[in-house]
Amino acid sequence: MTLPFILAIDTSCDETSVAITQGNTIYANVVASQVQLHKQYGGVFPTVAKQAHLEQLEPTVKAALRQAQLTPSQLGLLAVTLGPGLAPALEVGIRYAEHLSQEWQLPLIPINHIEGHVVSVLAQPLPRQGSTPRHDQPPHYPVLSVIISGKHCDYIAVTGPGQYQRLGWTVDDAAGEVLDKVGRMIDLGYPAGPILEEWARRGDPKRFPFPLPMTTSGDFNLSFSGMKTAARNFLEQQQALTTFSQQDIYNFCASFQFAVFKAIGYKLNKILQTNSQWSEVWLGGGVAANRALRDQLRAVIKPYGLQLKVPYNKRLCGDNAAMIGVAAQFHLDRLPLDSPLDRRPQWKVDEHIQS
Ligand code: KG4
Ligand code: ZN
């Protein structure tokens, strides 16, 4: 059976992304980033994001079709992110997807953005011309997925294709958010996460210890707001002493990043200790691009004989529509759905679409 070509749209936050996928294979994954627009605000400004999505969607759809060398008549399905995300940003993508669905007479599947991050590890590049076509091996379930992004930190049990159960989450800030906020305290710009990673490489992660949060909570949840306050207090103290060198700043970046990732690894270890059923551990979300995070989590899961599966390129870690297209293949059963679709800014990955 030939799988349909899916055109997928994600406008959940500050990237306008359109992709074309077939099964797990990516034919196009175009991301029109708004980072430059939001830099001046030090974070995502919703009305600016909405306007940029409105302007960018049509050219991004055209660019994806061009890249995939396909025409709309060759597509079989459309998919769009329904949530979670910024309500005005989601709205633009949903309405545009509905418009395309009418114009091209194609069914439209609503997808959860976090599910996209979970299955981003399954995405595969288009095989080179002349090479043998790939046969994707289905994953061995259950899989434990760890999603670390700018808005979410989740431990998710993937019990089958398209089936999820959240085991733990952050009760306040997400790890990416806290890296961005602390990076801003030392003027690293926006988003600070990737620059903080670079600076951390030049520093000593053991130089300044930060307390590990939530060790006695008895659950698999995370909390980063206390670490953010500890970082602010620490920096204020250093400024008062005025002896803080550039090397100290590198050491601070390395130590803070190490502490954040240690907290994530600590709860991951708790889950593995409690339940040894997992056959794979997956990592996704914007912060999954960070090499130190990958290394720290690999060290945690190694004693259990597990390997860490990560997306095949960094573009698939951050927000992108290819992951939405890959997820859509698991939800053909969602058709037909009521139209117009309602955005779901708070949609949890394990909440049923109709609930
Ligand atoms: O998944 P994503 O693109 O958007 C959300 O759904 O939130 O994640 C964005 C987050 C930002 O906080 C950004 O600073 C962080 O991912 N990030 C990184 C790195 N690359 C992106 N954090 C640490 N190291 C990186 N290399
Ligand atoms: Zn995301």
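Along the chain, the donors of the zinc ion (ligand 2) follow the spacing H-x3-H-x201-D. The model is a predicted one, and the zinc site is a convenient point from which to enter it. The protein atoms that serve as donors are NE2 of His113, NE2 of His117 and OD of Asp319, lying 2.1 Å from the zinc ion. Both histidines belong to helix 4 (residues 113–119), where they are four residues apart, about one turn of the helix. His113 and His117 are each buried.

The geometry of this site deserves a closer look. Ideal angles for four tetrahedral donors are 109.5 degrees. Around the zinc ion (ligand 2), the angles among the four donor atoms run from 91 to 138°. Four donors count as tetrahedral if all angles lie between 85 and 135 degrees, and the site of this zinc ion is therefore classed as irregular.

The other ligand to consider is ligand 1. It has 19 residues around it, of which Gly150, Asp180, Glu197, Gly286 and Asn290 come nearest. Two of its polar contacts involve oxygen atoms of the ligand: one such pairing, at 2.7 Å, is with an N or O atom in the side chain of Asp180, and another, at 3.4 Å, is with a polar backbone atom of Gly193. Asn290 contributes a polar side-chain atom that lies 3.0 Å from a nitrogen atom of ligand 1.

From the ligands the description turns to helix 3. This helix covers residues 87–104, and at 1.5 Å a residue its 18 residues should span 26 Å; the C-alpha atoms at its ends are 26 Å apart, so the expected and modelled spans agree. Its buried residues include Ala87, Leu90, Val92, Ile94, Tyr96, Leu100 and Trp104, and among them are also Glu98 and Ser101. The elements against which the buried residues of helix 3 pack are strand 1 (6–10), helix 2 (46–68), strand 4 (77–83) and strand 5 (108–112). Just after helix 3, the backbone at Gln105 adopts a positive phi of about 55°.

Further backbone features occur in the loops. In the loop between strand 6 (124–125) and strand 7 (143–148) lies Pro142, which is joined to Tyr141 by a cis peptide bond with omega of about -5°. The peptide bond from Tyr190 to Pro191 is also cis, with omega near -10°; Pro191 is placed in the loop between helix 5 (175–185) and helix 6 (193–201). Asp187 lies in the loop between helix 5 and helix 6 as well. Its phi is near 60°, a positive value in a residue other than glycine. Because exposure requires a relative accessible area over 50%, Asp187 counts as exposed at 70% relative accessibility.

Gln69, in the loop between helix 2 and strand 4, has a positive phi of about 55° although it is not a glycine. At 70% relative accessibility, Gln69 counts as exposed. His352 is found in the segment after helix 10 (322–328) and is exposed, with a relative accessible area of 53%. Leaving aside neighbours within four places in sequence, His352 is in contact with Arg344 and Trp347. His352 and Gln69 are separated by 283 residues in sequence and, C-alpha to C-alpha, by 35 Å in space.

Conventions: Residues are numbered from 1 along each chain as its sequence is written. Chains are lettered from A and ligands numbered from 1 in the order in which they are written. This is a predicted model: local features need pLDDT of at least 70, side-chain atom pairs count only at pLDDT 80 or more; totals for chains, interfaces and linings use all residues. Side-chain values use heavy atoms; hydrogens and water are left out. Helices (H or I, at least four residues) and strands (E, at least two) are DSSP runs, numbered from the N terminus. The expected span of a helix is 1.5 Å times one less than its number of residues. Buried means under 20% relative accessible area, exposed over 50%, partly exposed in between (1.4 Å probe, protein chains only). Contact means heavy atoms within 4.5 Å. Donors are N, O and S atoms within 2.8 Å of the metal (3.2 Å for Na, K and Ca); water is not among the atoms, so sites may look incomplete. Four donors count as tetrahedral if all angles lie between 85 and 135 degrees; four count as square planar and six as octahedral if opposite donors are over 155 degrees apart and all others between 65 and 115; anything else is irregular. A residue is near a molecule or strand if one of its heavy atoms lies within 4 Å of it. A polar contact is a pair of N or O atoms within 3.5 Å; within protein, one must be able to donate a hydrogen and the other to accept it, and residues adjacent in sequence count only if both atoms are side-chain atoms.
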